[in-house]
Amino acid sequence: MKSYNLTQFRKDLSELSIELDKNQEEQFMQYYELLIQWNEVMNLTAITDFDEVLKKHFVDSLSLIKAVPELSKEGYSVIDVGTGAGFPGIPLKIAFPGLKVTLLDSLNKRVKFLNEVIAQIGLADIDAVHGRAEDYAKPGLFREKYDLCVSRAVANMATLSEYCLPFVKVGGRFIPYKSEKIEEEAAVAKKAFYLLGGEVVENIEFNLPYSDIYRSLFIIRKKTPTPGKYPRKAGLPAKEPIS
């Protein structure tokens with residue numbers, strides 16, 4: 001493995017009160033190298049510059065600690081819906097090894113990449129699953145099994161909530177990562193939150209450390225079980241968001 005300058009990465013993580021040991025840093029570098037290697041033959045990310053991957057993928061993923069201090073709790077369960085190249089699920093697992101993580105993605109070749117990363121860097125208690133949220137949120141599968149659902153997927157809040165809230169236990173949370181101010185979008189999605197059993201309890205806005213890159217984390221708490229008719233069949237949550 002190449003030698004990398006991690007000075008800024010360490011400073012960024014220090015701002016989040018996260019400190020990695022040598023093995024964890026090496027796991028992040030192996031992840032970076034696999035990402036770049038596989039990106040040459042399939043579309044995983046448009047961001048390939050080393051410093052940008054560290055800031056916009058790794059640090060961004062770990063900024064969740066601002067909303068969820070329990071990430072260091074042993075056995076805390078997280079599902080990452082529409083994980084793509086593994087963000088935020090894999091960085092969270094590397095930094096907080098006690099997490100139990102499920103990575104869900106609808107594209108099988110991305111899941112093959114995720115499994116390669118998991119094997120190569122030696123992660124345990126993490127599974128990459130090929131499938132659609134509409135299918136795995138059915139009773140008997142992953143429905144209402146997780147303390148936390150996260151997603152960096154690009155979709156409006158009403159659609160994302162229909163995909164994600166069914167996975168969350170009552171008392172748990174769904175937190176979408178957003179890169180723009182979306183108060184209006186969240187206001188429109190309030191009916192969806194309510195019908196799906198959730199409510200917005202906080203919106204944490206910040207810039208990534210040592211940058212002007214804006215991020216927000218909407219914290220949606222699960223108050224009651226999601227009615228059995230949600231999520232609707234494939235495609236409907238995106239075509240006809242609850243409003």
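Me: Is Val 154 buried or exposed?
Reply: Val 154 counts as exposed, at 86% relative accessibility. Here exposed means over 50% relative accessible area, buried under 20%, and partly exposed in between, with a 1.4 Å probe and protein chains only.

Me: Before we go on, what kind of model is this, and how are residues numbered?
Reply: This is a predicted model, in which local features need pLDDT of at least 70 and side-chain atom pairs count only at pLDDT 80 or more, while totals for chains, interfaces and linings use all residues. Residues are numbered from 1 along each chain as its sequence is written, and side-chain values use heavy atoms, with hydrogens and water left out.

Me: Where does Val 154 sit?
Reply: Val 154 is in the loop between strand 4 (146-151) and helix 7 (157-164). Helices (H or I, at least four residues) and strands (E, at least two) are DSSP runs, numbered from the N terminus. The C-alpha atoms of Val 154 and Glu 52 are separated by 19 Å, with these positions 102 residues apart along the chain.

Me: And Ser 161, what does it touch?
Reply: Leaving aside residues up to four places away in sequence, Ser 161 touches Pro 166, Phe 174, Phe 193, Leu 196 and Ile 220. A contact means heavy atoms within 4.5 Å. Ser 161 belongs to helix 7, and it is buried because its relative accessible area is 0%.

Me: Changing topic: how many disulfides are there?
Reply: The structure holds zero disulfides; a disulfide is counted as a pair of cysteine sulfur atoms within 2.5 Å.

Me: Why is there no bond from Cys 149 to Cys 164?
Reply: The closest cysteine sulfur to that of Cys 149 is in Cys 164, and because the distance is 3.7 Å, it is too far for a bond. Cys 149 counts as buried, at 0% relative accessibility, and Cys 164 is likewise buried, at 0%.

Me: Now the whole chain. How many helices and strands?
Reply: The secondary structure comprises 10 helices and seven strands.

Me: What about the radius of gyration?
Reply: The chain has 17 Å, which agrees with the value near 18 Å for a compact globule of 243 residues. That radius is taken over C-alpha atoms, and the globule rule is 2.2 Å times the number of residues to the power 0.38. Along its principal axes, the C-alpha trace spans about 50 × 35 × 35 Å.

Me: How much is buried, and how much surface is there?
Reply: Of the 243 residues, 55% count as buried. The accessible surface comes to about 11100 Å², and 48% of it belongs to carbon and sulfur atoms. These areas come from the Shrake-Rupley method with a 1.4 Å probe; for residues, only the protein chains shown count as cover.

Me: Which share of the contacts joins residues at least 24 apart?
Reply: That share is 71%, among contacts between residues at least 6 apart in sequence.

Me: Last topic, Lys 239: where is it, and buried or exposed?
Reply: Lys 239 lies in helix 10 (residues 236-239) and is exposed, with a relative accessible area of 71%. Lys 239 and Thr 159 are 80 residues apart in sequence, and their C-alpha atoms are 8.7 Å apart in space.

Me: And where is Leu 107?
Reply: Leu 107 is in the loop between strand 2 (100-105) and helix 5 (108-121). Leu 107 is partly exposed, with a relative accessible area of 32%.
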